[in-house]
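Q: Please take a close look at one part of this structure, the place where the metal ions sit. Describe what holds them and how the surrounding chain is arranged.

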Amino acid sequence: MLNIGCHLSTSKGFTHMGKEALSIDANTFQFFTRNPRGSKAKGIDENDVKGLLKIAEDNHFAPLLGHAPYTLNPASADLRTREFALEVLIDDLVRMEHLPNNLYNFHPGSHVGQGVEKGIELISDALNFILTPKQTTTVLLETMSGKGSEIGSTFQELRQIIDRVELDEKMGVCLDTCHVHDAGYDIVNDLDGVLDEFDRIIGLSRLRAIHLNDSKNIASSRKDRHEKLGEGEIGLRALTDIINHPKLCRLPFYLETPNELPGYGREIKTLRAAFQH
Ligand code: FE
Ligand code: FE
Ligand code: ZN
């Protein structure tokens, strides 16, 4: 059984997202915990959450993936920007506990000229501040393309962050296929080599989710522009090799391709047909 879903809009609530997922034969999905640019989150409607939890249980959903606003920067040089990131992350982790035992993904941050070392220190400090022993949510660092001064475009940087986190059992990694391709990992011609490297440096047991995207740009471009599956530089063969790889095939996959719901439905149909396990 392939565990696959896509990014869905949160605007009509949790139950609605569950129904949308079912309508396109998805058995999980990703959602923004609030407006992706940051700002205030709506209150949690317990009945709305219950509706989703029932759908997820009845249909054996894979873990749901909350995504933090992508404008947060816990590695900022500006104290107020770092404090804002902490406030949002803490609030999101409280909200995620309404959906226990799921995943929460965030972009590690950008060092904005302070240097990679300083950035890694600030990100791990933030994680040590926000993680709690009681939380049931696993927090995922997303692999980044390396545009600007982004941290997390190498497996080493992610490992260095996790190494400094005290409650590291709460930590995992979400591998974005567009981002690692744009960062220079050759998932098209040497998937085994990339996974061996991931295993050696981070450990494959940390890999908890895959963002399955094609890329508009060539390898090592450090750009981060997602493309529909099969219409970009990664291509459908490499992407179906990823879902079928014995070390990856049990993970949940989330599409973040430029699609509306019907387009996501078509991609999910293609992937389910190509899944060999
Ligand atoms: Fe992301
Ligand atoms: Fe992503
Ligand atoms: Zn991206």
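A: What follows starts at the metal ions and then moves outward to the strands, a helix, the aromatic rings and the cysteines.

The model is a predicted one. The iron ion (ligand 1) has three protein donors, namely His 67 (NE2), His 107 (NE2) and Glu 142 (OE), at 2.1 to 2.3 Å from the ion. Along the chain, these donors follow the spacing H-x39-H-x34-E. Glu 142 also coordinates a second metal, the iron ion (ligand 2), and the two iron ions are 3.3 Å apart. His 107 is found in the loop between β4 (103–106) and β5 (109–110), while Glu 142 belongs to strand β6 (residues 138–142), so this pair ties together parts that are 35 residues apart in sequence. Both His 107 and Glu 142 are buried.

The zinc ion (ligand 3) lies 5.2 Å from the iron ion (ligand 1). Its coordination comes from His 179 (NE2), Asp 224 (OD) and His 226 (NE2), at 2.0 to 2.3 Å. The spacing of these zinc donors in sequence is H-x44-D-x1-H. Here His 179 sits in helix α6 (residues 177–183) and His 226 in strand β11 (residues 226–227), so the pair ties together parts that are 47 residues apart in sequence. His 179 and His 226 are each buried.

Next come the strands. A barrel is closed by eight strands, taken in the order β1-β2-β3-β4-β6-β8-β9-β12, with parallel pairing. From one strand to the next, the twist averages 30°. In general, the strands of a sheet pair through backbone hydrogen bonds, and the pairing can be parallel or antiparallel. One pairing can be followed in detail: strand β3 (residues 65–67) runs parallel to β4 and is joined to it by three bridges. Within this pairing, Leu 65 stands opposite Leu 103 in β4. Helix α3 (residues 79–96) lies across β2 (28–32), β3, β4 and β6, and runs at about 160° to β4.

The aromatic rings are the next topic. There are five aromatic pairs in the structure. One of them is formed by Phe 32 and Tyr 70, an edge-to-face pair with 5.9 Å centre to centre and 65° between the planes. This pair links distant parts of the chain, with Phe 32 in strand β2 and Tyr 70 in the loop between β3 and α3, 38 residues apart. Phe 32 counts as buried, at 17% relative accessibility, whereas Tyr 70 counts as partly exposed, at 37%. Elsewhere, Phe 14, Phe 29 and Phe 31 make up one aromatic cluster.

Last come the cysteines. A disulfide is a covalent bond between the sulfur atoms of two cysteines. This structure holds zero disulfides. For Cys 178, the closest cysteine sulfur is in Cys 174, at 12 Å, which is too far for a bond. Cys 178 is buried, and its relative accessible area is 0%. Cys 249 is likewise in no disulfide, with its nearest cysteine sulfur, that of Cys 174, 17 Å away. Cys 249 is buried too, with a relative accessible area of 3%.

To return to the metals, Glu 142 coordinates both iron ions, and the zinc ion (ligand 3) lies 5.2 Å from the iron ion (ligand 1).

Definitions and conventions. Residues are numbered from 1 along each chain as its sequence is written. Chains are lettered from A and ligands numbered from 1 in the order in which they are written. This is a predicted model: local features need pLDDT of at least 70, side-chain atom pairs count only at pLDDT 80 or more; totals for chains, interfaces and linings use all residues. Side-chain values use heavy atoms; hydrogens and water are left out. Donors are N, O and S atoms within 2.8 Å of the metal (3.2 Å for Na, K and Ca); water is not among the atoms, so sites may look incomplete. Helices (H or I, at least four residues) and strands (E, at least two) are DSSP runs, numbered from the N terminus. Buried means under 20% relative accessible area, exposed over 50%, partly exposed in between (1.4 Å probe, protein chains only). A disulfide is a pair of cysteine sulfur atoms within 2.5 Å. Two strands pair if DSSP finds at least two bridges between them. Axes are lines fitted to C-alpha atoms, for helices over the stretch in contact, and angles run from 0 to 180 degrees between N-to-C directions. Contact means heavy atoms within 4.5 Å. Rings of Phe, Tyr and Trp (its six-membered ring) pair if their centres lie within 6.5 Å; planes under 30 degrees apart count as stacked, over 60 as edge-to-face and the rest as tilted.
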